[in-house]
Every structure is written in structure tokens, then in C-alpha cells.
Amino acid sequence: MSQKKQSYTEEFRREAVRRADQKGNTNASVAEKLGISAQQIYNWRRQFNRLTDKQFSSINGVQFKTTDSAEMKRLKQELADLKEENEFLKRLPHTLRKTKSKVRLN
């Protein structure tokens, strides 16, 4: 007989760990209330402590660190700026695009 593996949301996991960390609570008492094993709370706490941002954060199935999100925003802005510059250059007269002089837009 095989048991079906239960999948818990990140919110549920964080809440279980948060409750277990409250004064007067133990992993065992919280686990019993939630219907899970105390070991699972230990595992989730370890994951949050070791891998905090990477373990449970994802966008469209791609995992990332929250520290990456600032870099992601910067790269998206840079991409948008380059697309805008590219569109501008496409609208220049054909003869102007062929010149060898370098035009810098800032």
C-alpha cells in the first residue's frame, strides 16, 4: 500500500513554523493540531533557515531569490529602454542609419 504524498502551500508551511516558534508551543503540539508530523515542521524550518528566499519563491515555475527581484526589475527596465531605443532607431531615415558615425542616446 502506498500513501499519497500531501502537498502543502508555502503559506501553510510558514504558518506552521510560525506557530511552533511561538512561546508555549512545540513542534509536536502544533503538528498534532494541524494533522501533520512534528518532523515536517522541523524540515520546513530548516528549509526556511537555509534556503529562505530560494526554496519557496517562484514565478511561473522558475525559482528565484528575493534578492534577485531587484536585479530582475533593473534588467526589465533596461530591456524596455533598449526596446524603446531600438524602435527610435528603426524610425530614422535609412540614409542616417547607414552612416558610420556613432550616435549615443542617453
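**Core and aromatic cluster in a predicted model**

W44 has a relative accessibility of 3%, which is under the 20% limit, and therefore counts as buried. The coordinates in which this residue is placed are those of a predicted model, and the description below moves outward from W44 to its aromatic partners, then to the nonpolar core and finally to the protein as a whole.

The structure contains 3 aromatic pairs. In one of them, the ring centres of Y8 and F12 lie 4.8 Å apart and the planes meet at 15°; because planes under 30 degrees apart count as stacked, this pair is assigned to that class. Y8 is partly exposed, since its relative accessibility of 23% falls between the limits of 20% and 50%. F12 is likewise partly exposed, with a relative accessible area of 26%.

Y8 also pairs with W44, and here the geometry is edge-to-face, with 5.5 Å from centre to centre and 75° between the planes. This pair connects distant parts of the chain: Y8 belongs to the segment before α1, whereas W44 sits in helix α3, and the two are 36 residues apart. Y8, F12 and W44 together form one aromatic cluster. Within that cluster, W44 is buried at 3%, while Y8 is partly exposed at 23% and F12 is partly exposed at 26%.

W44 is also a member of the largest nonpolar core, a set of 9 residues. The other members are A16, V17, A20, V30, A31, I36, I41 and F48. Three elements each give two or more residues to this core, namely α1 (10-21), α2 (27-34) and α3 (38-55).

Which residues does I41 contact, leaving aside its neighbours within four places in sequence? The contacts of I41 are A16, V17, A20, N27, V30, A31 and I36. Among these, A16, V17, A20, V30, A31 and I36 are listed with I41 in the largest nonpolar core.

The wider architecture can now be set around these details. The protein comprises 5 helices and 2 strands, and their order along the sequence is α-α-α-β-β-α-α. Of the 106 residues in the protein, 15% are buried. Of the contacts between residues at least 6 apart in sequence, 34% join residues at least 24 apart. The accessible surface of the protein amounts to about 9,300 Å², and carbon and sulfur atoms account for 51% of this area.

Terms used
Residues numbered from 1 in each chain as written. Predicted model: local features only at pLDDT ≥ 70, side-chain atom pairs only at ≥ 80, totals over all residues. Heavy atoms only, no water. Core = buried A, V, L, I, M, F, W, Y, C linked by side-chain atoms within 4.5 Å. Buried < 20%, exposed > 50% of the residue type's maximum accessible area, 1.4 Å probe, protein only. Helix = DSSP H or I, 4+ residues; strand = E, 2+ residues; numbered from the N terminus. Contact = heavy atoms within 4.5 Å. Phe/Tyr/Trp six-rings, centres within 6.5 Å; stacked < 30°, edge-to-face > 60°. Areas by Shrake-Rupley, 256 points an atom, 1.4 Å probe, with all protein chains shown as cover.
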